[in-house]
Amino acid sequence: MRKRLLAGLALAGALALATTGCSSSNNNAGSSGTGGSGGGKTLTVGFAQTGSESGWRAANTQSMKDAFSDANGFKLIFNAADNKQEAQIAAVRSFINQKVDAIVIAPITVDGWDDVLKEAKDAKIPVILEDRTINVSDDSLYAAWVGDDFKKEGETAGAWAKQTATSPTNMVVLEGTTGSAPALDRATGFKAGATGAPITTLDSQTGNFTRADGKTVMEGFLQKYGNKIQMLFAQNDDMGLGALDAITAAGLTPGKDIKIVTIDATHDGLQALADGKFNYVVECNPLLGPQVADLVKKVVAGESVPKTQVATDQSFTQEQAKAALPDRKY
Ligand code: GZL
């Protein structure tokens with residue numbers, strides 16, 4: 001039976017911990033040095049990031065680089081795979097060949113991970129997942145996952161859409177990367193949250209979580225449906241921001257002619273919300289670095305760690321965005 005760690009099953013709350021007796025030892029050479037924990041030596045960690053597709057990703061990458069610093073006892077080997085899973089798997093294989101002490105992956109898509117994770121297990125290199133979840137035949141192939149509850153984010157967006165659609169409403173959807181956990185789970189969550197709402201989905205296509213593709217796909221929607229479109233659900237801020245250009249170019253007013261709900265709550269997304277161009281934004285916290293670094297040290301030291309850690313997310317109205325913007329960290 002294929003197992004999928006569904007963030008939505010994770011308990012609500014700040015850091016839902018489902019402790020297992022998970023531990024790992026590895027006898028890799030790693031790099032010798034001082035300052036790290038994990039027995040005092042510097043830990044060499046390979047991090048396979050998705051790419052640099054969005055503002056959220058930039059914040060997540062910075063959080064990880066800040067946490068996996070020399071001063072914190074790490075030597076970080078960073079790879080961004082340009083959102084190509086085959087490149088990301090190749091990066092993991094490279095980390096295995098370099099005999100790193102641990103591997104961290106933000107998996108681009110949910111499927112295709114069994115083989116390379118088995119190779120890491122055979123090499124006695126622990127794997128920690130951050131951000132996105134995966135489908136695996138055996139969840140002992142990774143030590144732990146830290147991320148956000150995508151299904152809950154979708155439900156929150158769907159509940160807002162239901163509350164907003166007081167009469168029959170035509171909606172279009174900009175989906176995230178095809179086959180990625182956030183795209184799959186946010187869609188599932190939105191449907192659950194919007195159950196019973198008079199919302200008709202005219203079209204739903206991937207914009208690959210990028211501004212450029214969000215704009216291009218929205219241009220296509222507008223050419224096809226014009227002012228029949230009354231609502232846009234963009235599965236991340238960046239696609240929504242790209243769509244703004246298309247909407248205004250079509251002579252329509254975003255936030256008024258087309259109500260817009262997005263997910264991430266990056267600075268630019270909250271700015272669009274505060275400016276009245278978006279109508280509601282659900283947060284997906286990218287600042288996961290400290291939790292992941294703590295997990296890596298514990299796993300390498302053979303300590304028991306929680307299998308899942310779920311970050312807390314909030315949501316924002318236009319007024320809440322204006323109040324939050326001055327203190328936002330990303
Ligand atoms: C969500 C993350 C998604 C963001 C996008 O945790 O995987 O990928 O929502 C990012 O902005 O590209």
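User: What is the crossing of H4 and H5, left-handed or right-handed?

Analyst: In this predicted model, the crossing of H4 and H5 is right-handed. The near helix is turned clockwise from the far one by less than a right angle, which is what that word means.

User: What makes H4 oblique to H5?

Analyst: The axes of H4 (residues 150-164) and H5 (residues 181-193) cross at roughly 40° and come within 6 Å. Angles under 35 degrees would count as roughly parallel, and 65 to 115 as roughly perpendicular. A crossing at roughly 40° falls in neither range, so H4 is oblique to H5.

User: Which residues of H4 and H5 make the contact?

Analyst: On the H4 side they include Phe150, Gly154, Ala157, Gly158 and Ala161. On the H5 side, Ala181, Pro182, Asp185, Gly189 and Phe190 are among them. By class, the residues of this contact divide into eight nonpolar, five polar and six charged. Gly counts as polar here.

User: How many aromatic pairs does the structure hold?

Analyst: There are four aromatic pairs. One of them is formed by Trp160 and Tyr280.

User: Why is the pair of Trp160 and Tyr280 called stacked?

Analyst: Two values decide it. The ring centres are 5.7 Å apart, and a pair requires centres within 6.5 Å. The planes stand at 5°, while those under 30 degrees apart count as stacked. Both conditions are met, so the pair is stacked. Trp160 belongs to H4 and Tyr280 to strand S13 (residues 280-283), so the pair ties together parts that are 120 residues apart in sequence.

User: Which strands stand at the edges of the open sheet that has mixed pairing?

Analyst: That sheet has six strands in the order S10-S9-S11-S12-S13-S16. S10 (199-206) and S16 (315-316) each have a single partner strand, so one side of each is left without a neighbour in the sheet. Within the sheet, S9 (residues 169-175) and S11 (residues 231-234) pair in the parallel sense.

User: How do you know that S9 and S11 pair?

Analyst: Pairing requires at least two bridges, and S9 and S11 have four. Met171 stands opposite Met231 in S11. H7 packs on this sheet, touching S9, S11, S12 (259-264) and S13, and its direction makes about 150° with that of S12. H8 touches S13 and S16, with its direction at about 155° to that of S13.

User: Why are H7 and H8 called oblique to each other?

Analyst: H7 (residues 237-249) and H8 (residues 267-274) pack at an angle of about 50°, with axes 9 Å apart. Roughly parallel ends at 35 degrees and roughly perpendicular begins at 65, so the two helices are oblique. Their crossing is left-handed. Asp237, Leu241 and Leu244 in H7 meet Asp268, Gly269 and Ala272 in H8. That contact divides into three nonpolar, one polar and two charged residues.

User: What is the order of the six strands in the open sheet with parallel pairing?

Analyst: The order is S4-S3-S5-S6-S8-S15. S4 (74-80) and S15 (308-310) stand at its edges, each with a single partner strand, so one side of each is left without a neighbour. The twist averages 15° from one strand to the next.

User: How many bridges join S3 to S4?

Analyst: Seven bridges join S3 (residues 43-49) to S4, against a requirement of at least two for a pair. Ala80 in S4 is the bridge partner of Gln49. H2 (residues 85-97) lies across S3, S4 and S5 (102-105), running at about 170° to S3.

Conventions
Residues numbered from 1 in each chain as written. Predicted model: local features only at pLDDT ≥ 70, side-chain atom pairs only at ≥ 80, totals over all residues. Heavy atoms only, no water. Axes fitted to C-alpha atoms, helices over the stretch in contact; angles between N-to-C directions. Contact = heavy atoms within 4.5 Å. Parallel < 35°, antiparallel > 145°, perpendicular 65-115°, else oblique. Phe/Tyr/Trp six-rings, centres within 6.5 Å; stacked < 30°, edge-to-face > 60°.
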